[in-house]
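Let's take a relaxed walk through a protein model. Have a look at the picture first, then read on.

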Amino acid sequence: MLTIHLHNLLFHAHHGLYEEEKVLGNDFEVNITIHQKKVSEKIVSINQTIDYSKVYEMVKRRMQIATPLLETLGQEICTSILAEFSLAEKVLFSIKKLNPPITQFQGSVGISFEMERGQ
């Protein structure tokens, strides 16, 4: 099985429940792992694999759409990847909100979501 990784993608976006987040936005770190169908021959063309630059552009566009819940965002991105790339069998998605609006909080918060084709 071939695995495609896009890790430590950084975005400034306006996801969140609170008005402050909708106005000021926040910094997010996204990680995506895509398991591709079994590879039975030597890969010599981008058509035989998943073009990670296209995955990045898809995620970048979706990150620009403000969404109250990171859970919704994760589900939608996984669904989109599976719909767009027929070679994708499974997608693992995680996102961290790097500066959550929680008083006296140090660290990050986030979610992870996993989806397989046919779910």
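## An exposed loop residue

Keep in mind that this is a predicted model. Let's start with Gln104, which is exposed because its relative accessible area is 81%, and the cut-off for exposed is over 50%. You'll find Gln104 in the loop between β3 and β4 (109–116).

Gln104 also has a backbone quirk: its phi is positive, about 55°, even though it isn't a glycine. Most residues other than glycine have a negative phi.

## Another positive phi

Asn8 isn't a glycine either, yet it has a positive phi of about 60°. This one sits in strand β1. Is Asn8 buried or exposed? Asn8 counts as exposed because its relative accessibility is 52%, and anything over 50% gets that label.

## How the strands line up

Now follow β2, which covers residues 26–36. β1 and β2 run antiparallel, joined by ten bridges. One pair to look for is Leu2 with its bridge partner in β2, Gln36.

β2 also pairs with strand β3 (residues 88–97), again in the antiparallel sense, over nine bridges. Here you can spot Ile34 standing opposite Val91 in β3. How many of the eleven residues in β2 are buried? Ten of them are, so the strand is mostly covered, as buried means under 20% relative accessible area.

## A nonpolar patch

Finally, check out the surface. Leu17, Tyr18 and Leu69 make a nonpolar patch there of about 310 Å². Leu17 belongs to the loop between β1 (2–13) and α1 (19–24).

Definitions and conventions:
Residues numbered from 1 in each chain as written. Predicted model: local features only at pLDDT ≥ 70, side-chain atom pairs only at ≥ 80, totals over all residues. Heavy atoms only, no water. Patch = residues over 30% accessible without salt bridge, like charges linked within 9 Å, V, L, I, M, F, W, Y side chains within 5 Å. Areas by Shrake-Rupley, 256 points an atom, 1.4 Å probe, with all protein chains shown as cover. Salt bridge = Lys/Arg side-chain N within 4 Å of Asp/Glu carboxyl O. Helix = DSSP H or I, 4+ residues; strand = E, 2+ residues; numbered from the N terminus. Buried < 20%, exposed > 50% of the residue type's maximum accessible area, 1.4 Å probe, protein only. Pairing = 2+ DSSP bridges.
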